[in-house]
Amino acid sequence: MTETEKLKEYLFNEKKCGWDTISEEKKFEIDKFSTEYMYFLNKCKTERECAEFIKQILEENGFTNLRDKLVLLPGDKVYYMNRNKTIYAAVIGEKPIEAGMNIVGSHIDSPRLDLKPNPLYEDMGLGYLKTHYYGGIKKYQWTAIPLSIHGVFVKTTGEKIEIKIGEEENDPIFTITDLLPHLAQEQMEKKLKDGIDGENLNLLVGSVPIGNETISERVKLNILKILNDKYGIVEKDFMSAEIEIVPAFRARSLGFDRSMVAAYGQDDRVCSYCNLRALLEATKPEKTAVSIFADKEEIGSMGNTGMESQVFDTFISELLNKTNENKPNLLQKVFCNSKMLSADVDAGMDPMYSNVSEKNNSSYLGHGIAMNKYTGSRGKAGASDANAEYVAEIRNMLEKANIKYQMGELGKVDEGGGGTIAYILANKGIDVLDCGVPVLSMHAPYEVVSKFDIYESYRAYKEFFK
Ligand code: MN
Ligand code: MN
């Protein structure tokens, strides 16, 4: 190398593809981790399914329900389940909690279609379920694809009936029909956002009538009979139900080189899975290691299962009570001493839509975990902006562990923007930095990530808990 080349290598932040930097052995590890991740995705398509799966994995790895523990000692592993939709877990550190915690926060809800409270109807001999979309979706992406039905009915007796239809090979699936191109002249003239009307996101669920023609709505009646025979429910039970319509696709390796994962719900189950795996390996951490698996992030984190609720504070207070540390105002102090990685996905640079991104400040697939110093939109409004001192600390940690990272922001200035749960925890006094896996087709029924970035994110969270 010439002197000038050396100088350039030393001074420039050269952005290299991660695949260029790794051994065959590591490629094998990456592929193995991704296969386990895809298993998780196929099992868990709703926040309830994720919370239950995470609980089971935690229990298999020595975590107990915090409720069942009276005293906590360093090395103890506990979890706190909030209404079957949010789960927090902790490994008690060697140091008192007062010294601060290391938190990795991800969310397990994903964009989807929810059933309305009175969803079932019949029109011209076809049976439908009416939906109301959840989170930011492009409505046209949800028509003409196979969909499955997941969720719970709760009867007035309190009995809970879980349903999952459309995932097994022999299950029926469901779909939302779209107009044939031959007759879509008017639809095709519309703006893309108006092409599919929200009130037309109706799921086709049946077509066979029951009984004879003296009775009306015989297709609807037949569907209710099938549901009653199998699950014991009646139409009124839809009112106390949470039924989610999700893509029936399975997670698959993508590309001739199998370097990517295509699947539904990777925002933010990709970071959630990495978060979980990292916590399982946090044995005897110096500071208490905490994982958040939150609900309702996609619709603003409100409600008692969202991060805006006080339930997380309650969880930490309980940790303080049971480690016998608690005293007035300690919780606030704990937060001020704590650090967090907000583990949420980032927009990956898509060469076909590069016009919405700025190439020097975008995240690239295969370039490692993607950090966003700040989020927000239009003049950083609503941003949680990580302090330079804290970003330096995380950079130092990643560089020492040889973990590949990149730093960008979500899109061009004034192009749009977004947020995560980072600001909610930062508002409590915690140092928070957004970092996660870059995604293509974010919020679409089929999202794409790089296996390299999944593995680097897992390694980053693991390092953070050490
Ligand atoms: Mn997200
Ligand atoms: Mn999202």
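A residue is called buried when its relative accessible area is under 20%, exposed when that area is over 50%, and partly exposed in between (1.4 Å probe, protein chains only). The model is predicted: local features need pLDDT of at least 70, side-chain atom pairs count only at pLDDT 80 or more, and totals for chains, interfaces and linings use all residues. Residues are numbered from 1 along each chain as its sequence is written, chains are lettered from A and ligands numbered from 1 in the order in which they are written, and side-chain values use heavy atoms, with hydrogens and water left out.

**Exercise 1. Identify the protein donors of the manganese ion (ligand 2) and place Asp267 and Glu298 in the chain.**

Step 1. Donors are N, O and S atoms within 2.8 Å of the metal (3.2 Å for Na, K and Ca); water is not among the atoms, so sites may look incomplete.

Step 2. The manganese ion (ligand 2) has as protein donors Asp267 (OD), Glu298 (OE), Glu298 (OE) and His443 (NE2), at 2.0 to 2.5 Å. Along the chain, these donors follow the spacing D-x30-E-x144-H.

Step 3. Asp267 belongs to helix H6 (residues 266-280), whereas Glu298 lies in the loop between strand S13 (288-294) and helix H7 (311-322); the two are 31 residues apart and link distant parts of the chain. Helices (H or I, at least four residues) and strands (E, at least two) are DSSP runs, numbered from the N terminus.

Step 4. Asp267 counts as buried because its relative accessibility is 3%, and Glu298 counts as buried because its value is 13%.

Step 5. Asp267 also coordinates the manganese ion (ligand 1), which is 3.3 Å from the manganese ion (ligand 2).

**Exercise 2. Describe the surroundings of Ser338.**

Step 1. Ser338 is found in the loop between helix H8 (330-336) and strand S14 (339-342).

Step 2. With 1% relative accessibility, Ser338 counts as buried.

Step 3. Contact means heavy atoms within 4.5 Å. Leaving aside residues up to four places away in sequence, Ser338 touches Gly100, Met101, Ile103, Ile430 and Asp431.

Step 4. The backbone nitrogen of Met101 is reached by the side chain of Ser338 at 2.9 Å. A polar contact is a pair of N or O atoms within 3.5 Å; within protein, one must be able to donate a hydrogen and the other to accept it, and residues adjacent in sequence count only if both atoms are side-chain atoms.
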